[in-house]
Amino acid sequence: MGPNSQALKHRSSHDTEREFGGSLGAICIPILLPLTVLFLISVSRSPEASLLQFPPPLPSTNQLWDSLAPVLLVGWMSLHACLYLLPLGKVSEGLVLRDGKRLKYPINGFHGLCISGVLLLLLLMLGAPLGYLFELLLPLAVCAIGVSFLLSVYLYVRSFWAPHHALALGGNTGNPLYDFFIGRELNPRIGNFDLKYFCELRPGLIGWVVINLGMMMKEVELRGSPSLAMILVNCFQLLYVADALWNEEAVLTTMDIVHDGFGFMLVFGDLAWVPFTYGLQAAFLVVHPQALSSLGAAAIITLNGIGYYIFRKSNSQKNQFRRDPTHPSVARLETIATATGKRLLVSGWWGLVRHPNYLGDLLMALAWSLPCGFSHLLPYFYVVYFTVLLIHREARDEKQCRAKYGLAWDTYCRRVPYRIFPYIY
């Protein structure tokens, strides 16, 4: 490769279009999002639980720190690092990288969930006060935020020893703040231990379920038994996490693994944002119990079931088509040829809207919030946030697909005009 082509390669990596507000976003988001996590937890525990309360319920220094929190967090992550390394389940290959290689990944996250469940049952049988997790929410969140920053700094520094082909296309802009935020290295590994893949589905996602269980046990301490609303929230979100881990192999083709570098954005999202904001409904119910009728519960269960059905069926159809387009379940579906040699589905679930999995995801998100009633906006934070997130994610995906598939993508968009919501958006 000559000097001109090297210069072109260098320039193209630095001229990559920046996302999430570019440099300004890279400065503001790592400050605002951690504060948002602490704010939301504090509000969920306050009697008013009002997002508009001013001044907001600021926690004291004593509420932000407990020496038990870092011990639990480090122990939890160490446990799942060990479970990750166990020779359980199968090993799958990821997509082809720019250097022509495929990385191997252990598909054993569901085993990790089951082993975690057994350990939690043993702790409950031994009388461990899992309800104390309610008091530890803020200190645990503070520790998770701290770990996110430390890990992000490590990832940024080590990326300068990575070969150029191992860097994410959008994370090598030359702007230190932006590259730290978005992530320079695509698949950082220590030996065969893939840091991004580990964080994506293990400690944070399973930790979310454990925190929910702690909130339910706190409710048992306070009121003698868990409420129907708390049981529904725990069951819905456990199903979601179990489904993600049961279908762990599908994450190998997602934008997070294939496209995004591993920087503060994903680290913080995996380790702090998901476990401490996705389960706000359970934390809210501890302080603000809600009565739920049998009819209301049945309607909410039905909504969650519809959402889950759309989510799982559409994702399974897409993954089956990617693995084997000749499989009987997808072979008869109508497709559009592209210049890359790949084909785009324009029938089945993917002929309904361009992202039917997002539609199912949002219906489930609404079902998680409805058990909390309508007296407060806080339990619906996740629905609002997730709607904005998925619309933004869809726009990113749209831009990438248009660049990748060209005219074929324009044809697909004419055939499937709605992005997420049929006849709406």
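Colleague: Quick one on Leu64: which residues is it in contact with, leaving aside neighbours within four places in sequence?

Modeller: With those neighbours left aside, Leu64 is in contact with Pro59, Leu138, Pro139 and Val142; contact means heavy atoms within 4.5 Å. Bear in mind that this is a predicted model: local features need pLDDT of at least 70, side-chain atom pairs count only at pLDDT 80 or more, and totals for chains, interfaces and linings use all residues. Residues are numbered from 1 along each chain as its sequence is written, and side-chain values use heavy atoms, with hydrogens and water left out.

Colleague: Where is Leu64 found, and is Leu64 buried or exposed?

Modeller: Leu64 is found in helix H3, residues 61-64. Helices here are DSSP runs of H or I with at least four residues, strands are runs of E with at least two, and both are numbered from the N terminus. On burial, Leu64 falls in between: its relative accessible area is 25%, which means partly exposed, since buried is under 20% and exposed over 50% (1.4 Å probe, protein chains only).

Colleague: How far apart are Leu64 and Leu137 in space?

Modeller: C-alpha to C-alpha they are 8.8 Å apart, with their positions 73 residues apart in sequence.

Colleague: OK, pockets. What's the volume of the second largest one?

Modeller: The second largest pocket holds about 650 Å³ of space. A pocket is worked out on a 1 Å grid over the protein atoms alone: a cavity is a set of points where a 1.4 Å probe fits but cannot get out, while a pocket is an open set with protein on both sides within 12 Å along at least five of seven lines. Points are joined across faces, edges and corners, and the volume is the space filled by probe spheres set on them.

Colleague: Which residues lie nearest its centre?

Modeller: Leu72, Trp76, Leu133, Leu140 and Val210, out of 29 lining residues; lining means having an atom within 4 Å of a point. H4 gives the most, with seven residues. Helix H4 (68-85), helix H5 (109-125), H6, helix H9 (203-223) and helix H12 (264-277) each supply at least two.

Colleague: How many of the lining residues are charged?

Modeller: None: the lining has 25 nonpolar, four polar and no charged residues. Ala, Val, Leu, Ile, Met, Phe, Trp, Tyr, Cys and Pro count as nonpolar, Asp, Glu, Lys and Arg as charged, and the others, Gly among them, as polar.

Colleague: You mentioned H12. What does Leu271 touch?

Modeller: Leu271, in helix H12, touches Met77, Ala144, Val147, Ser148, Leu151, Cys199, Pro203 and Phe276, not counting residues up to four places away in sequence. Leu271 counts as buried because its relative accessibility is 7%. The C-alpha atoms of Leu271 and Gly204 are separated by 4.8 Å, although their positions lie 67 residues apart along the chain.

Colleague: And the largest nonpolar core, which members touch the most others?

Modeller: Trp208, Met215, Phe276, Tyr278 and Phe386, in a core of 103 residues. Helix H6 (residues 133-158) makes the largest share of this core, 13 residues. A nonpolar core is a set of buried Ala, Val, Leu, Ile, Met, Phe, Trp, Tyr and Cys residues joined through side-chain atoms within 4.5 Å. There's also a second, separate core of ten residues, including Ile336, Leu344, Val346 and Cys401.

Colleague: Changing topic: where is His288 found, and why does it count as buried?

Modeller: His288 is in the loop between helix H13 (280-287) and helix H14 (294-323). It counts as buried because its relative accessible area is 8%. Leaving aside neighbours within four places in sequence, His288 is in contact with Ser44, Ser46, Pro47, Glu48, Ala49 and His376. Gln290 is placed in the loop between H13 and H14 as well, and its C-alpha is 6.1 Å from that of Cys372.

Colleague: What does UniProt place at residues 292-311?

Modeller: The unreviewed UniProt entry has a "transmembrane region" there, and another, among others, at 225-242; positions use the numbering here, feature names are shortened, and annotations may be inferred rather than shown by experiment. In the model, residues 292-311 are 90% helix and 0% strand, with end C-alpha atoms 26 Å apart.
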